[in-house]
Amino acid sequence: MGVNKEMAEYDKYELMRRRLVEELRKQGYIRSEKVYRAMLAVPREEFVPEPYKDLAYEDRPLPIGHGQTISAPSIVAYMIELLDPLPGDKVLEVGAGSGYAAAVLAEIVAPSNRKDPKGHVYAVERIPELAEFAKRNLERTGYSDRVTIVVGDGSKGLPGFAPFDRILVSASAPEVPEPLVEQLAVGGRMVIPVGGYWDQYLVIVEKDRDGVRIRRDLEVLFVPLVGEFGWK
Ligand code: SAM
């Protein structure tokens, strides 16, 4: 591809990204400045397989292979608003998929334009080929210093790196996995889709000195969390 064509492509995606992000803000999925800034910064077209690049800024999930999807931008924005990650946080994402949501989280906990604070995202993916896909995407877009991809069963969490200030689960579990609650820091928050195929809800888990509080939010539709503390 020539330099001029490359520039035109770049501008095209930048424009499409801005339009989508403004629309998501108008619709109320994006409410905070930090999620707005992060969604504008991360190039979603770099996290979808080549044939889907031109669909990257439609608000819908797209196939990433192995029967899995990159979630729709509106649900990524909505879940991250609920999660409310802070600069400097240590975050666990279960279900890295393409690495896109992990990059958006990284852009909040360790923003590209600042040296400090340096938060970090640990993202677990059970399908090794997708973990490789996520790694490549994060490397190409400049997030590999702020995101660590781990291959494994994320329903067990990552005890070696716990406790986590925030946990985002991007696949649906039959119930909230106990190891994830254990690995949540005091003052921490987790957002996770819970329920069967036809009746899933986002669940928000908050841990403080007095214990754990759980509340239910929006109805959603996610691929299953497959693992020891998920679907068998
Ligand atoms: N957050 C991803 C992104 O931005 O592209 C999309 C996640 S996709 C909806 C759900 C992912 O969860 C799939 O890639 C699937 O393989 C993964 N997954 C399912 N069960 C898992 C488990 N127990 N541990 C880790 N990953 C799991």
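Tutor: Helices (H or I, at least four residues) and strands (E, at least two) are here DSSP runs, numbered from the N terminus. The model under discussion is a predicted one.

Student: In which loop is the place of H66?

Tutor: H66 is not a glycine, although its phi is positive, at about 60°. With strands counted as above, H66 belongs to the loop between strand 1 and strand 2.

Student: Does H66 count as buried, partly exposed or exposed?

Tutor: Buried means under 20% relative accessible area, and exposed means over 50%. The relative accessibility of H66 is 47%, so this residue counts as partly exposed.

Student: Which residue just after helix 3 takes a positive phi?

Tutor: The residue in question lies in the loop between helix 3 and strand 3. Its relative accessible area is 28%, so it is partly exposed. Its phi is near 50°, a positive value in a residue other than glycine. Just after helix 3, the residue with this positive phi is D84.

Student: How many residues of helix 3 are buried?

Tutor: Among the buried residues of helix 3 are P73, Y78, E81 and L83. The helix is largely enclosed by the rest of the structure, because the buried residues number 11 of the 11.

Student: Which element gives the most to the lining of the largest pocket?

Tutor: Strand 2, helix 3 (73–83), strand 3 (90–94), helix 4 and strand 4 each supply at least two residues of this lining. The greatest contribution is four residues, and it comes from helix 3.

Student: What is the volume of the largest pocket?

Tutor: The lining of this pocket consists of 40 residues, and those nearest its centre are T69, S71, S170, A171 and V223. By class, the lining has 24 nonpolar, 12 polar and four charged residues. The volume of the largest pocket is about 610 Å³.

Student: Is S71 buried or exposed?

Tutor: S71 is placed in the loop between strand 2 and helix 3. Not counting residues up to four places away in sequence, S71 touches R44, P61, V76 and F222. Its relative accessible area is 18%, and the limit for burial is under 20%. S71 is therefore buried.

Student: How far apart in space are D217 and Y201, C-alpha to C-alpha?

Tutor: D217 is part of strand 9 (residues 211–220), and at 24% relative accessibility it counts as partly exposed. With residues up to four places away in sequence not counted, D217 touches Y78, L82, Y201, L202 and I204. D217 and Y201 are 16 residues apart in sequence, and their C-alpha separation is 6.3 Å.

Student: What separation is found between the C-alpha atoms of Y57 and V226?

Tutor: Y57 lies in the loop between helix 2 (33–41) and strand 1, and it counts as buried because its relative accessibility is 9%. Leaving aside neighbours within four places in sequence, the contacts of Y57 include Y13, L20, V42 and R44. V226 is 169 residues from Y57 along the chain, and the C-alpha atoms of the two are separated by 28 Å.

Student: How far apart are the end C-alpha atoms of helix 5?

Tutor: Helix 5 (residues 128–140) has 13 residues. The expected span is 1.5 Å times one less than the number of residues, which is why a value of 18 Å is expected for helix 5. The model agrees with this expectation, the end C-alpha atoms being apart by 18 Å.

Student: Within what arc do the buried residues of helix 5 fall, seen down its axis?

Tutor: The buried residues of helix 5 are L130, A131, F133, A134, N137 and L138. They line one face of the helix, because their arc about the axis is within 160°.

Student: Which strands and which helix are included in what covers the buried residues of helix 5?

Tutor: Helix 5 is followed by G142, whose phi is positive, near 85°. The cover over the buried residues of helix 5 includes strand 1 (62–65), strand 2 (68–70), strand 4 (120–125), strand 5 (147–151) and helix 4 (100–109).

Student: What is omega for the cis peptide bond that joins A162 and P163?

Tutor: P163 is found in the loop between strand 5 and strand 6 (164–169). The bond joining A162 to P163 is cis, with omega at about 0°.

Key. Residues numbered from 1 in each chain as written. Predicted model: local features only at pLDDT ≥ 70, side-chain atom pairs only at ≥ 80, totals over all residues. Heavy atoms only, no water. Buried < 20%, exposed > 50% of the residue type's maximum accessible area, 1.4 Å probe, protein only. Arc of directions from axis to C-beta. Contact = heavy atoms within 4.5 Å. 1 Å grid on protein atoms, 1.4 Å probe; cavity = no way out; pocket = protein on both sides within 12 Å on 5 of 7 lines; lining within 4 Å. Points joined across faces, edges and corners; volume = space filled by probe spheres on them. Nonpolar A, V, L, I, M, F, W, Y, C, P; charged D, E, K, R; others polar.
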